[in-house]
Amino acid sequence: MNNFTTYYQSPVGLLRISGTEHFISEVSFVDNPDEIVDNTGKEQLPPLAIQAIEQLIQYFHGNRRVFELPLSQPGTEFQQKVWHELLNIPFGKTISYLELSRRLGDPKAIRAVAAANGKNQLAIIVPCHRVIGSNRELVGYAGGLWRKKWLLDHENKVANGIQTLF
């Protein structure tokens, strides 16, 4: 199975997209140009890579609210449950880490839920940016709080018009 890595220049910075012809395994923010892998002259991108970029473009243009891509990221059973639950947070909505831990059946697991959320390798597609603090504050985002704010404002504008959450 051939792996691919490609890049997409999004409104929130450069995104690295990796996977195989069968699934997407990474969508992450690239802040350091030294992290870029040069694939010049290598094989053509598989159709799934192109589909992922197209769906991200649609998302940023406000024409996509749900991604329809086969995904795979390694993680513990608990992490998998957290990431699966993130997919149930509606576009344009937020929940707290406490609410997320309640949905998973253990309100005391807030720190474990936050840690699993932070290990998500599929930024935007598995919407960990939709989880906020219990006090409605923006907290914890591997891509930086400015990106979290941008993504939440973008989704809120698309879902509800021109208002902003933060």
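I start with what counts as a pair: two strands pair if DSSP finds at least two bridges between them. I also keep in mind that this is a predicted model.

**Entry 1: the sheet**

I looked up the strand order and got an open sheet of three strands, 1-2-3, with antiparallel pairing. Which strands stand at the edges? Strand 1 (3-10) and strand 3 (24-30) do, and each has a single partner strand, so one side of each is left without a neighbour in the sheet. I then checked the twist: neighbouring strands here are turned by 20 degrees against each other on average, direction ignored.

Next I went through the pairing of strand 1 with strand 2 (residues 13-20). The two run antiparallel and are joined by eight bridges. A hairpin of two residues takes the chain from strand 1 to strand 2. I picked out two positions on strand 1 by their partners. Tyr7 has Arg16 as its bridge partner in strand 2, and Tyr8 stands opposite Leu15 in strand 2. As a reminder to myself, side chains in a regular strand alternate between the two faces of the sheet.

What packs on this sheet? I found helix 1 (residues 47-60) there, touching strand 1, strand 2 and strand 3. The direction of helix 1 makes about 20 degrees with that of strand 1. I also asked how many residues of strand 1 are buried. Six of the eight are, so strand 1 is largely enclosed by the rest of the structure, edge position or not.

**Entry 2: aromatic rings**

I ran through the rings next, and a search of the whole structure finds six aromatic pairs. The pair of Tyr59 and Phe60 is edge-to-face, at 5.1 Å centre to centre with 80 degrees between the planes. Tyr59 also pairs with Phe67: their centres are 5.6 Å apart and the planes stand at 35 degrees, so I log that pair as tilted.

Buried or exposed? Tyr59 has 0% relative accessibility, so it counts as buried. Phe60 is at 8% and counts as buried, and Phe67, at 14%, is put in the buried class too. The cut-off I used here is under 20% relative accessible area. Stepping back, I see ring pairs linking Tyr8, Tyr59, Phe60, Phe67, Phe91 and Trp150 into a cluster. Tyr8 is the residue I had already noted opposite Leu15.

**Entry 3: the nonpolar core**

The largest nonpolar core has 37 residues. Which of them have the most contacts inside it? I wrote down Leu15, Ile17, Ile24, Leu56, Phe60, Leu86 and Ile124. Strand 1, strand 2, strand 3 and helix 1 each supply at least two residues, and so do helix 2 (77-86), helix 3 (97-103) and helix 4 (110-118). Helix 1 gives the most, with seven residues. In soluble globular proteins, nonpolar side chains tend to be buried together.

I followed Leu86 a bit further. Not counting residues up to four places away in sequence, Leu86 touches Leu100, Asn117, Val126, Pro127, Cys128 and Val131.

Ile124 got a closer look as well. Ile124 is found in the loop between helix 4 and strand 5 (131-132), and at 0% relative accessibility it counts as buried. Its phi is near 70 degrees, a positive value in a residue other than glycine.

**Entry 4: loose ends**

Where else did I note a positive phi outside glycine? Arg136 has one, of about 70 degrees. Arg136 has its place in the loop between strand 5 and helix 5 (145-160), and with a relative accessible area of 46% it is partly exposed.

Glu68 sits in the loop between helix 1 and helix 2 and is exposed, with a relative accessible area of 55%. Leaving aside neighbours within four places in sequence, I find Glu68 in contact with Gln51 and Gln55. From Glu68 to Ile57 I get eleven residues in sequence and 13 Å in space, C-alpha to C-alpha.

My last lookup was Gln79, which lies in helix 2. Gln79 counts as buried at 15% relative accessibility. Apart from residues up to four places away in sequence, Gln79 touches Ala116 and Lys119.

Terms used:
Residues numbered from 1 in each chain as written. Heavy atoms only, no water. Helix = DSSP H or I, 4+ residues; strand = E, 2+ residues; numbered from the N terminus. Axes fitted to C-alpha atoms, helices over the stretch in contact; angles between N-to-C directions. Contact = heavy atoms within 4.5 Å. Phe/Tyr/Trp six-rings, centres within 6.5 Å; stacked < 30°, edge-to-face > 60°. Buried < 20%, exposed > 50% of the residue type's maximum accessible area, 1.4 Å probe, protein only. Core = buried A, V, L, I, M, F, W, Y, C linked by side-chain atoms within 4.5 Å.
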